[in-house]
Protein chains: 2
Amino acid sequence: MQYGFGVDLGGTTVKLAFFDGEGALLHKWEIPTRTENDGENILPDIAASIDTHIKDHGIDKASVAGIGIGVPGPVRADGTVNRCINLGWGVFNIEKALQDLTGLPVKAGNDANVAALGECWKGGGQGCENMVMATLGTGVGGGIVLGGKVIPGSHGAGGEIGHLTMERDETDTCGCGKHGCVEQYCSATGVVRLAKKHLENCDIPSPLRGIENLTCKDIFDAAKEKDVAAQEILEQVYDYMGRFLGDICCVVDPEVIVLGGGVSKAGQMLLDGVRRYYDKYAFHACRETRFALATLGNDAGVYGACKLILDEVR
Amino acid sequence: MQYGFGVDLGGTTVKLAFFDGEGALLHKWEIPTRTENDGENILPDIAASIDTHIKDHGIDKASVAGIGIGVPGPVRADGTVNRCINLGWGVFNIEKALQDLTGLPVKAGNDANVAALGECWKGGGQGCENMVMATLGTGVGGGIVLGGKVIPGSHGAGGEIGHLTMERDETDTCGCGKHGCVEQYCSATGVVRLAKKHLENCDIPSPLRGIENLTCKDIFDAAKEKDVAAQEILEQVYDYMGRFLGDICCVVDPEVIVLGGGVSKAGQMLLDGVRRYYDKYAFHACRETRFALATLGNDAGVYGACKLILDEVR
């Protein structure tokens, strides 16, 4: 029986977890991410925390396959991180660095891709080899898993599905500098943006008009209460979502599409809405593709990170 | 040294080729595709032709890795073909059937995917592990190669890039039954369709107006001669191409995009035009992605088919 560590490195917190080789989560804990001095303490802190865990639990180090780690930025196939702005890091090989500190094999990946791998292994995509994960949060991220492996891409942009161009005539600018990206319509902020535009351009009375800091949840809640304006807004959102997911399926044709992130808290209502438009836009061979909700929440990253290293050493 | 056979099965002709293990094409030839009686002769004809080739050239059968074959329809991972309409075939395992007839290992794939694999191995994508091939012909097909392997998809729709939705308000219907597919703007027929619409909707004089059976080549030729209407038409086409290729790169992020098919005979002019719009629509991390023209022409299929079987047995 081999064990593995999964590490999900975020800008404020590092999540760590210890798994058995079948993917049962045995322990999990967190430490703060110390970003001062160009983040020089981050990896030593992780190494020390893992070392303490091994000693405290009397784990035989020889039974540990290694450490998988998801980082908030692009990671090249050789383990080089290329500027993680939130961490203050420059360019260096994180796999080699953490391996030197721990004496354990290390495999690194981009955090969104790693979370997708986690959902494929033990979450909404469990049992599938081919999966598209769309994380509908503040932005839209994602990950493509094919044959059980995450697709990092040649420039670390595999699964950057928030930036397909939906509207070439969009005048607002996306955070990436382009115009008309998926993220501008399908993220939590994108949904609110669409809602404000819609309310400006119509006279339908709606409780949404009285809400000062309108949120994505307000809009789903109002639609559940049969508010017409909210329903119209969500039809637009579902249309965009069904279309970009249909486009992705023409490219990689997964078994399952897993929806995660804050927007996915709308649950079955979201799945049903997106499905209606997906059925309109999807290529006929992809009409049977299954939709599922992400199930691992904030643990997706540690699961996926552990899977990374287990796959690497097997 | 191992050898391999590559077979590209088309609706009127079967192309066959014999390669060494490094991918040098040693012999190639063709036989007719006999589709009568539900295509019952097709595989026996192929088997007989390969058997004759082995005997005529005194090839040691033990040195042959096997036969790769590209077929005009979806092929499941287990080798089952699922109705090749052009061939009269139903549902059966082509790998097992051809293996029983020849005594050689067989690996089958969809013809467009197999051609993409050929271009990646020995054509426009040579030296790359991650490639998107777009075949701009009568329709638009393609193939996605990641880590040197073609992505067949869970429903045989991997690389069906002709059916991303470009215009959700399109009133004309695509051959697939949807509206606004890539194929309606970027195939040879799509380019002509756009041209006719453009000429109807403007008064600019153009030699294109006098051509009875307008072809895609006529439009590229006129644009080369600085015909304004033709140039305007091609700007529309390049815009669509740059956009859908940019969308695909957000998903799988290849090293290189290879353009093939009849439209790609426009050569560097096409690459330059598409590149201008790709640079506008592509996610920033994918801006360095290389463009290349397909180089193997009608031989791409036999190359890719041979690569399929060499990968399978190695």
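**First stop: where the two chains meet**

Select both chains and look at the contact between them: 35 residues of chain B are in contact with 35 residues of chain A. The model on the screen is a predicted one. Which elements give two or more residues to the side of chain B that touches chain A? They are β9 (140–146) and α8 (228–252) of chain B. Select α8(B) next, since this helix supplies the largest share of that side, namely seven residues. Colouring the side of chain B that touches chain A by residue type gives 17 nonpolar, eleven polar and seven charged residues.

**Second stop: the relation of the two copies**

Now superpose the chains. Chain B can be laid on chain A with an RMSD of 0.1 Å, by a turn of 180 degrees and a shift of 0.0 Å along the axis. This is the relation of a two-fold axis. The same surface serves both copies, as 100% of the contact residues of chain B recur in chain A.

**Third stop: the sheet of chain A that begins with β3**

Hide chain B and select β3, β2, β1, β4 and β7 of chain A. In that order, these five strands make an open sheet with mixed pairing. Which strands stand at its edges? The edge strands are β3 (25–32) and β7 (106–110) of chain A, each of which pairs on one side only. From one strand to the next, the twist averages 15 degrees.

Within this sheet, display β1 (residues 3–9) and β4 (residues 64–71) of chain A, which pair in the parallel sense over six bridges. One pair to label is Phe5(A) with its bridge partner in β4(A), Ile67(A).

Next, add helix α2 (residues 42–56) of chain A, which packs on the sheet and touches β1, β2 (13–20), β3 and β4 of chain A. The direction of α2(A) makes about 35 degrees with that of β2(A). Then add helix α10 (residues 300–313) of chain A, which lies across β1, β2, β3, β4 and β7 of chain A. Helix α10(A) runs at about 130 degrees to β4(A).

**Fourth stop: the sheet of chain A that contains β8**

Keep chain A and select β10, β9, β8, β11 and β12. These five strands form an open sheet in that order, again with mixed pairing. Each of the edge strands, β10 (149–150) and β12 (290–293) of chain A, has a single partner strand, so one side of each is left without a neighbour in the sheet.

Helix α4 (residues 111–122) of chain A packs on this sheet, touching β8, β9, β10 and β11 (256–260) of chain A. Its direction makes about 55 degrees with that of β9(A). Helix α8 (residues 228–252) of chain A lies across β8, β9 and β11 of chain A and runs at about 155 degrees to β8(A).

**Fifth stop: two hairpins in chain B**

Bring chain B back and select β1 (residues 3–9) and β2 (residues 13–20). These strands run antiparallel and are joined by seven bridges, and a hairpin of three residues links β1(B) to β2(B). Label Asp8(B) and its bridge partner in β2(B), Lys15(B).

Extend the selection to β3 (residues 25–32) of chain B, which pairs with β2(B) in the antiparallel sense over seven bridges. Here the bridge partner of Thr13(B) is Pro32(B). Four residues lie between β2(B) and β3(B) in their hairpin, and Gly23(B) in the turn has a positive phi of about 90 degrees.

**Sixth stop: strand β8 of chain B**

Select β8 (residues 131–136) of chain B. How many of its six residues are buried? Six of the six are. In a regular strand the side chains alternate between the two faces of the sheet. On one side of β8(B) are Met131(B), Met133(B) and Thr135(B), and on the other are Val132(B), Ala134(B) and Leu136(B).

Show the neighbours as well. β8(B) pairs with β9(B) in the antiparallel sense over six bridges, with Val132(B) opposite Ile144(B), and three residues lie between these strands in a hairpin. β8(B) is also joined to β11 (residues 256–260) of chain B, which runs parallel to it, by five bridges. In that pairing, the partner of Met131(B) is Val256(B).

**Last stop: the nonpolar core**

Finally, select Ile219(A) and Ile219(B), the residues with the most contacts inside the largest nonpolar core, which has 211 residues. Among the residues that Ile219(A) touches are Val191(A), Leu208(A) and Ile233(A).

Technical notes: Residues are numbered from 1 along each chain as its sequence is written. Chains are lettered from A and ligands numbered from 1 in the order in which they are written. This is a predicted model: local features need pLDDT of at least 70, side-chain atom pairs count only at pLDDT 80 or more; totals for chains, interfaces and linings use all residues. Copies are superposed by least squares on the C-alpha atoms of residues with pLDDT of at least 70 in both. Two residues are in contact if their C-beta atoms, placed from the backbone, lie within 7 Å. Two strands pair if DSSP finds at least two bridges between them. Axes are lines fitted to C-alpha atoms, for helices over the stretch in contact, and angles run from 0 to 180 degrees between N-to-C directions. Ala, Val, Leu, Ile, Met, Phe, Trp, Tyr, Cys and Pro count as nonpolar, Asp, Glu, Lys and Arg as charged, and the others, Gly among them, as polar. A nonpolar core is a set of buried Ala, Val, Leu, Ile, Met, Phe, Trp, Tyr and Cys residues joined through C-beta atoms within 7 Å. A residue is buried if 20 or more other C-beta atoms lie within 10 Å of its own, exposed if 12 or fewer, and partly exposed in between; C-beta atoms are placed from the backbone. Lists of a residue's contacts leave out its neighbours within four places in sequence.
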